[in-house]
Each structure stands twice: as C-alpha cells, then as structure tokens.
Amino acid sequence: MIPRALPILNALGCLVLTGLVVAQWMKERSIHEDLTAVTRQLADAKDETAKEAQRCAVLEHDIAVLKEAIESTQKAAESTTRELSEKSTLATGLQTELSAARDQVTQWEAAIKARDERIQSLTGDLAATRKRLDEAIAKLKAAGAK
C-alpha cells in the first residue's frame, strides 16, 4: 500500500503546496495593491505638501508686503499728525494775529470816525468864519464906499 499511497500522498502534497502557493500569491498581490495605494497616497501627500509649501511662501511674501504697507502707513500717519499739529499751531497764531488786526481795524475805524466828525466840525467852523469874513469884507467895502 505504501507504493500506491505515495503517489496519492504526493498528489495531495502538490495540491496543498499549490494551495499554499496560491494563498501566498494572493497575499503578495494584496500586499502589492496596498503598497501601490500607499505609494499613491505618499505621492499625493508629497504633491499636497509641495503645494502647501508654495502657498506658504506666497502667504509669507504677502505678509512681508503687508508689514511694509503697515509701516509706510504708520510713518505717513505720524508725518500727517506732525504736519497737522504744525498747521494747527500756525492756524492758532494766524487766528490771534487776525483778532489783533480786527481790533486794530476797529480802533482805526473809531479814529477815522472821530477825525471825520472833527473835520465836519472844523468845516462848519470854517464856513461860519468865512461867512463872518465875507460880512466883514462887505462892511469894510461899504464903509470904504462912504
């Protein structure tokens, strides 16, 4: 029986080995598919990382530009504040001078009004004096004609 059992046992061993080979092959194929999927995911992750790094560089550049713009704006605001302060001081000085000039004009107007009143008074006195002089000349001529 041993001689007949040996080929059957050999055939069964070959079937078992074939089954093991097929099982190992399927396991290797599954691992290979998993490896391929992981490799794809790694490549996608690398691409995404590269894109994120590029985006990060762009954002850092934008931040640098924004910082420069903020500094420029702050310097301009400080300069404008300084100029505004200087102009405010100048405006206050000019306002004071304007008030003084208005007071001076008011004084001049009062002086001119007083002068005009005195001229009017003197004109009236001069007219009265002229009238008396004319009367005196007329009397003198009348006395000289007699």
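Tutor: Start with one contact: the side chains of Asp-116 and Arg-115 meet in a salt bridge, 3.0 Å from N to O. Keep in mind that this is a predicted model.

Student: Are Asp-116 and Arg-115 buried or exposed?

Tutor: Neither extreme. Asp-116 is partly exposed at 35% relative accessibility. Arg-115 is also partly exposed, at 46%.

Student: How many salt bridges are there?

Tutor: The count is three. The cut-off is a Lys or Arg side-chain nitrogen within 4 Å of an Asp or Glu carboxyl oxygen. Arg-29 and Glu-33 qualify, with their closest N and O atoms 3.8 Å apart. Arg-55 and Glu-52 qualify at 3.3 Å.

Student: Where do those two pairs sit on the helix?

Tutor: Look at the spacing. Arg-29 and Glu-33 are four residues apart in helix H1, about one turn. Arg-55 and Glu-52 are three residues apart in helix H1, again about one turn. Arg-29 is partly exposed at 47%, and Glu-33 is partly exposed at 46%. Arg-55, at 49%, is partly exposed, as is Glu-52 at 40%.

Student: What is the overall fold made of?

Tutor: The chain has one helix and zero strands. Its radius of gyration is 60 Å, well over the 15 Å that the globule rule gives for 146 residues, so the chain is more spread out than a compact globule. The C-alpha trace spans about 205 × 20 × 15 Å along its principal axes. Helix H1 covers residues 2-145.

Student: How far apart are Leu-15 and Ala-145 in space?

Tutor: Their C-alpha atoms are 184 Å apart, with a sequence separation of 130 residues.

Student: What share of the residues is buried?

Tutor: Buried means under 20% relative accessible area. Here the buried share is 0% of the 146 residues. The chain exposes about 13,500 Å², and carbon and sulfur atoms supply 64% of that.

Student: Which residues make a nonpolar surface patch?

Tutor: Leu-6, Ile-8, Leu-9, Leu-12 and Leu-15 make one of about 530 Å². Take two members. Leu-6 lies in helix H1 and is exposed, at 53%. Leu-15 is found in helix H1 too, and is exposed with 59% relative accessible area.

Student: How many disulfides are there?

Tutor: First the general idea. A disulfide is a covalent bond between the sulfur atoms of two cysteines. In this model the count is zero. As for cysteine exposure, Cys-14 is partly exposed at 41%, and Cys-56 is partly exposed at 38%.

Technical notes
Residues numbered from 1 in each chain as written. Predicted model: local features only at pLDDT ≥ 70, side-chain atom pairs only at ≥ 80, totals over all residues. Heavy atoms only, no water. Disulfide = S-S within 2.5 Å. Buried < 20%, exposed > 50% of the residue type's maximum accessible area, 1.4 Å probe, protein only. Patch = residues over 30% accessible without salt bridge, like charges linked within 9 Å, V, L, I, M, F, W, Y side chains within 5 Å. Areas by Shrake-Rupley, 256 points an atom, 1.4 Å probe, with all protein chains shown as cover. Rg over C-alpha atoms; globule rule 2.2 N^0.38 Å.
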